[in-house]
Amino acid sequence: MASDEHDERGFFGERPLPTIKRAAAQEKPHYLGHRDRLRERFSATGGEALADYELLELLLFRLIPRSDTKPVAKALLTRFGTLAEVLGAPANLLQEVKGIGPSVALDLKVVAAAARRLARGEISGREVLSSWNQVLDYCRAAMAFEAREHFRILFLDKKNVLIADEVQQTGTVDHTPVYPREVIKRALELSATALILVHNHPSGDPTPSRADIDMTRTIIDTAKPLGIAVHDHIIIGKNGFASMKGLLLI
């Protein structure tokens with residue numbers, strides 16, 4: 001019996017170390033090489049050469065440092081549609097996607113806020129009517145993916161340079177109360193001589209409603225005797241925008 005015990009101890013004592021497990025522990029996670037390659041592509045070609053999910057991956061590299069972010073990026077795009085819609089989504093909905101916790105959702109909203117600030121910088125201090133595409137880009141970045149209607153006013157001086165950009169009212173999913181007197185009162189406070197009205201349709205369809213048209217005409221009629229022009233009323237949706245002036249509605 002003692003001999004058997006000695007043999008068994010010798011067997012286990014002479015067994016080699018589990019080199020396979022040791023090698024696996026030292027092996028780098030597969031996604032690290034992918035991260036390096038994606039960074040190199042961005043550095044060489046810029047963001048225009050990358051798909052939405054790849055740009056989103058690059059953002060998530062910093063926010064989720066120890067995980068494969070490709071599945072998370074693709075899940076976000078599956079849930080929301082585009083990179084712009086991901087950044088525009090409310091934080092609570094972002095957290096419904098597996099892999100996105102409160103801190104990552106907050107960081108994505110910080111990126112979204114920075115993008116809006118950048119877009120606004122494209123029109124600040126410029127003659128707005130000559131920078132119309134930048135105005136539309138800014139309005140879309142600021143409002144297209146809001147879950148509720150927002151009524152925004154761009155206040156312009158006599159040279160059509162932006163004085164102020166303010167959200168005057170926030171409503172429900174399909175209605176925002178707008179008070180023409182308050183619009184004109186604020187324009188007078190800012191010494192604005194022209195306005196661009198903007199609001200969003202959370203449904204995604206930017207087609208003006210009858211109420212939108214009537215409200216806009218009321219503001220125009222109230223503003224005109226005071227020397228304040230209404231250049232346009234832009235309606236922003238996920239699927240595009242509508243210009244009331246372009247549609248010959250005002």
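How many bridges join E4 to E5, and do these strands run parallel or antiparallel? Four bridges join them, and the two strands run antiparallel. That pairing sits in a sheet worth walking through strand by strand. First, a word on confidence.

This is a predicted model. The chain averages a pLDDT of 84, and 87% of the residues score at least 70. Residues 7-14 are another matter: the pLDDT there is below 50. Beyond near neighbours in sequence, that stretch makes zero contacts in the model. Where pLDDT is low, the predicted coordinates should not be read in detail.

Now the sheet. It is open and has five strands. Their order is E2-E1-E3-E4-E5, and the pairing is mixed. Strand E2 (162-170) and strand E5 (240-243) stand at the edges. Each has a single partner strand, so one side of each is left without a neighbour in the sheet. On average, neighbouring strands are turned by 20 degrees against each other, direction ignored. Strands of a sheet pair through backbone hydrogen bonds, either parallel or antiparallel. Both senses appear here, as the mixed pairing says.

Start at the E2 edge. E1 and E2 pair in the antiparallel sense over seven bridges. To find the register, look at Arg152, which stands opposite Val167 in E2. The two strands form a hairpin with five residues between them. In this hairpin, Asn160 takes a positive phi near 60 degrees.

Move to E3 and E4. Strand E3 covers residues 194-200, and strand E4 covers residues 229-237. They run parallel, joined by seven bridges. Leu197 stands opposite His233 in E4.

Then comes the E5 edge. E4 and E5, the antiparallel pair of the opening question, form a hairpin with two residues between the strands. Ile234 stands opposite Ser243 in E5.

What lies across these strands? Helix H9 does: it lies across strand E1 (150-156), E2, E3, E4 and E5. H9 runs at about 50 degrees to E4.

H9 also leads to the helices. Its partner here is H8. Helix H8 spans residues 102-121, and helix H9 spans residues 132-143. Their axes come within 8 Å and cross at roughly 160 degrees. H8 and H9 are therefore roughly antiparallel to each other, as the angle lies over the 145 degrees that bounds this class. H8 passes H9 in a left-handed crossing. On the H8 side, Arg116, Ala119 and Arg120 take part, and they meet Tyr138, Ala141 and Ala142 in H9. By class, the residues of this contact divide into four nonpolar, no polar and two charged.

H8 packs with H4 as well. These two helices meet at an angle of about 125 degrees, with their axes 11 Å apart. H4 and H8 are therefore oblique to each other. Their crossing is right-handed. H4 brings Leu56, Leu59, Leu60 and Leu63 to the contact, and H8 brings Val104, Asp107, Leu108 and Val111. The tally is seven nonpolar, no polar and one charged. Asp107 is among the H8 residues here.

H4 also packs with H5. Helix H4 runs over residues 52-63, and helix H5 over residues 70-80. The angle is about 125 degrees, and the axes are 9 Å apart. That makes H4 oblique to H5. H4 passes H5 in a right-handed crossing. From H4 come Asp52, Tyr53, Leu56, Glu57 and Leu60. From H5 come Lys70, Val72, Ala73, Lys74, Leu76 and Leu77. This contact has seven nonpolar, no polar and four charged residues. Leu56 and Leu60 of H4 meet H5, and Leu56 and Leu60 also belong to the contact with H8.

The pieces can now be followed as a path. H5 packs with H4, H4 packs with H8, and H8 meets H9. H9 in turn lies across the strands of the sheet.

Definitions and conventions. Residues numbered from 1 in each chain as written. Predicted model: local features only at pLDDT ≥ 70, side-chain atom pairs only at ≥ 80, totals over all residues. Heavy atoms only, no water. pLDDT = per-residue confidence, 0-100. Contact = heavy atoms within 4.5 Å. Axes fitted to C-alpha atoms, helices over the stretch in contact; angles between N-to-C directions. Parallel < 35°, antiparallel > 145°, perpendicular 65-115°, else oblique. Left-handed = near helix turned anticlockwise from the far one by under 90°. Nonpolar A, V, L, I, M, F, W, Y, C, P; charged D, E, K, R; others polar. Pairing = 2+ DSSP bridges.
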